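Visitor: I am new to this structure. Please pick one place, look at it closely, and then lead me on from there.

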Amino acid sequence: MDEQQSTTKKLSLSALVLMIFTTIFGFGNTPAAFEQMGYGAILWYILGAILFFIPAGLMFAEYGSTLKEAKGGIYSWLDASIGEKWSFIATFMWLASWLIWMVMISQKIWITLSTIIWGHDTTGTWSLFGMGSTMTIGLLGILWIVFVTWAATRGLNTLAKVSSLGGIAIMALNVILLVASAVILIANHGQLAQPIHHISDFATSPSAQFQSPIAMISFVIYAIFAYGGLESLGGITDSLDKPEKTFPKGIMIGGAVIGIGYSLAIFLWGISANWQHVIIDGKANLGNITYVLMQNLGFEFGKAIGMSAANASIIGTVFSRFAGLGMFFAYVGSFFVLSYSPLKSFILGSPKELWPKKMTTLNKNGMPAFSMWLQAAVVIAFIAGISILSAITHKESTFFYNVLTSMSNVSTTLPYLFLVGAFPFFKAKKDLDRPFVAFHSHTWMITITALVLLTVGVGILFTILTPFITGDVFTGMWTLAGPVVFGAIAWIFFARREKNNN
């Protein structure tokens, strides 16, 4: 057995950095960042790497390597640190982040389809049964949720495999952005479409939405969201040669590479896109910004290589369609996996007595069908609620996608408060075998934990407060809805279990 272990191929530092990059880096994050903050997003993405990605990544590595045999994922990490009650509530909130993601992508997937067919986003003009576009997209989103749940409960997960095609296409989009931007910059003799007037442009936003200090600081949540997925890397330390040295180096180098990659991509969008002309005058929103910027990139690239405006427009349409196709495959593949994987992992990894019997029962395809349909009902309720209220209050699509993004950002980052906050309690456990130790100094560990908690906590707090301060109660209430509703449900489940035990 020792001989077998010695001959097992271990991951090198370069392989680890590549794995970190491909797991974390998201092409769609940079168009959203440019839409919200312009060049100002660069500072916050760098701060996100320093204040969150690197220290939290080291913490999650110690969790994962120490509890590598546990099947409950972050539930097991928290259970070993702060006990069953809070681990259950925190993991339920983590599950909420995936449900909010499903709400958002069930709307965005129709933008990708529209872009593939027509070359640009036409969803703002869609209408079924006399409904407006927001209600129509909401209805289509509900039908999509029903279809995916029906297929997944029957084990029809073939469509999940198309995510690899989406991954290849999105990698190609990064290359296209880099090459096309370089050609445009050379052709324009170094002149940027979005000019840099002052060094402060790299810290401030041209958007009216992010002018106040509180609103600007709240943008750190976008950066933390862009580094999401760290918890999935916690279990790979046993595949590394000398993990105590290799993993910290990998996290630091990976954080630097991703931070530089994000910063470079945000800057590259400014080479081809003037913020006012393309985003404001073009009425772009967080739902279609990727395709708007890709279409503009193709158009400017066509002009840079000497094409007529008409032919350059064709190149723009090709670019946007390719982006739509890549994102469509990625969304479809991810949706089928995430419709059951987080839910199934949580239910099977936590004590069965916490759940009603129906929710833990697997069907003949190995799926918790009752729980999946219950999950679908919750997602549908959120979609219907947001769509109906947006239509009643006559909110346009820009507002609609801003609400969905705020909900997703808060729901996704909130579980990190629990994971990071529980880390000192985890370190205090003396009866655990730790193949990898993140911080050897207790004082240093407490300082880093406090810094990460402050970064994430202030970002979440300001993201929630900003809409209330500006009088946008609708966005504020829906941003709070996910964590509050799912936290309350988790509390009720646990209280029910305690009552039955007594």
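Guide: Start with His-189. Its relative accessible area is 74%, and the cut-off for exposed is over 50%, so His-189 counts as exposed. Keep in mind that this is a predicted model. His-189 sits in the loop that joins helix 8 (163-187) to helix 9. Its backbone has a positive phi of about 60°, although His-189 is not a glycine.

Now look at Phe-129. Phe-129 is not a glycine either, and its phi is positive, at about 55°. Its place is the loop between helix 6 and helix 7 (133-153). With a relative accessible area of 75%, Phe-129 is exposed.

Another loop residue has a contrasting setting. Asn-288 lies in the loop between helix 12 and helix 13 (289-304). Its relative accessibility is 6%, and under 20% means buried, so Asn-288 is a buried residue. What does Asn-288 touch, leaving aside its neighbours within four places in sequence? Its contacts are Ile-111, Asp-121 and Lys-283.

Go back to helix 9, where the loop of His-189 ends. Helix 9 (213-218) helps to line the second largest pocket, giving two or more residues to it. That pocket holds about 710 Å³ of space. How many residues line it? The count is 28. Nearest the centre of the pocket are Gln-36, Gln-209, Thr-398, Phe-399 and Asn-402. Besides helix 9, the elements that give two or more residues to the lining are helix 3 (29-37), helix 12 (275-280), helix 18 (397-421), helix 20 (442-469) and helix 21 (473-501). The largest share comes from helix 18, with five residues. The lining has 14 polar residues, 10 nonpolar ones and four charged ones.

Stay with helix 18. Thr-413 is part of this helix. Thr-413 has 0% relative accessibility, so it counts as buried. Beyond residues up to four places away in sequence, Thr-413 touches Ile-221, Ile-224, Phe-225, Val-456 and Ile-460. Then there is Gly-457, which belongs to helix 20. The C-alpha atoms of Gly-457 and Thr-413 are separated by 9.1 Å, although the two residues are 44 apart along the chain. Is Gly-457 buried, exposed or partly exposed? Its relative accessible area is 24%, so Gly-457 is partly exposed.

Turn next to the nonpolar interior. The largest nonpolar core has 153 residues. Which of them touch the most other members? They are Tyr-45 and Phe-88. Helix 6 (residues 84-118) is the biggest contributor to this core, with 18 residues.

Look closer at Phe-88. Neighbours within four places in sequence aside, Phe-88 is in contact with Tyr-75, Phe-346, Leu-354, Trp-355, Ala-490, Phe-493 and Phe-494. Phe-88 also belongs to a cluster linked by ring pairs. The other members are Tyr-75, Phe-92, Phe-346, Trp-355, Phe-382, Phe-474, Trp-478, Phe-486, Phe-493 and Phe-494.

Phe-493 leads on to Met-359, since Met-359 is in contact with Phe-493. Further contacts of Met-359 are Ile-347, Pro-368, Phe-370, Ser-371 and Leu-374, again without neighbours within four places in sequence. Met-359 is in helix 16 (residues 357-360). Its relative accessible area is 7%, so Met-359 is buried. Met-359 and Met-372 are 13 residues apart along the chain, and their C-alpha atoms are separated by 8.6 Å.

Finish with the aromatic rings. Rings whose centres lie within 6.5 Å count as a pair, and the total comes to 47 aromatic pairs. One of them joins Phe-27 and Trp-269. The ring centres are 6.0 Å apart and the planes meet at 65°, so this pair is edge-to-face. Phe-27 is in the loop between helix 2 (13-24) and helix 3, while Trp-269 is in helix 11 (residues 243-272), so the pair ties together parts 242 residues apart in sequence. Both Phe-27 and Trp-269 are buried.

Note on methods:
Residues numbered from 1 in each chain as written. Predicted model: local features only at pLDDT ≥ 70, side-chain atom pairs only at ≥ 80, totals over all residues. Heavy atoms only, no water. 1 Å grid on protein atoms, 1.4 Å probe; cavity = no way out; pocket = protein on both sides within 12 Å on 5 of 7 lines; lining within 4 Å. Points joined across faces, edges and corners; volume = space filled by probe spheres on them. Helix = DSSP H or I, 4+ residues; strand = E, 2+ residues; numbered from the N terminus. Nonpolar A, V, L, I, M, F, W, Y, C, P; charged D, E, K, R; others polar. Core = buried A, V, L, I, M, F, W, Y, C linked by side-chain atoms within 4.5 Å. Buried < 20%, exposed > 50% of the residue type's maximum accessible area, 1.4 Å probe, protein only. Contact = heavy atoms within 4.5 Å. Phe/Tyr/Trp six-rings, centres within 6.5 Å; stacked < 30°, edge-to-face > 60°.
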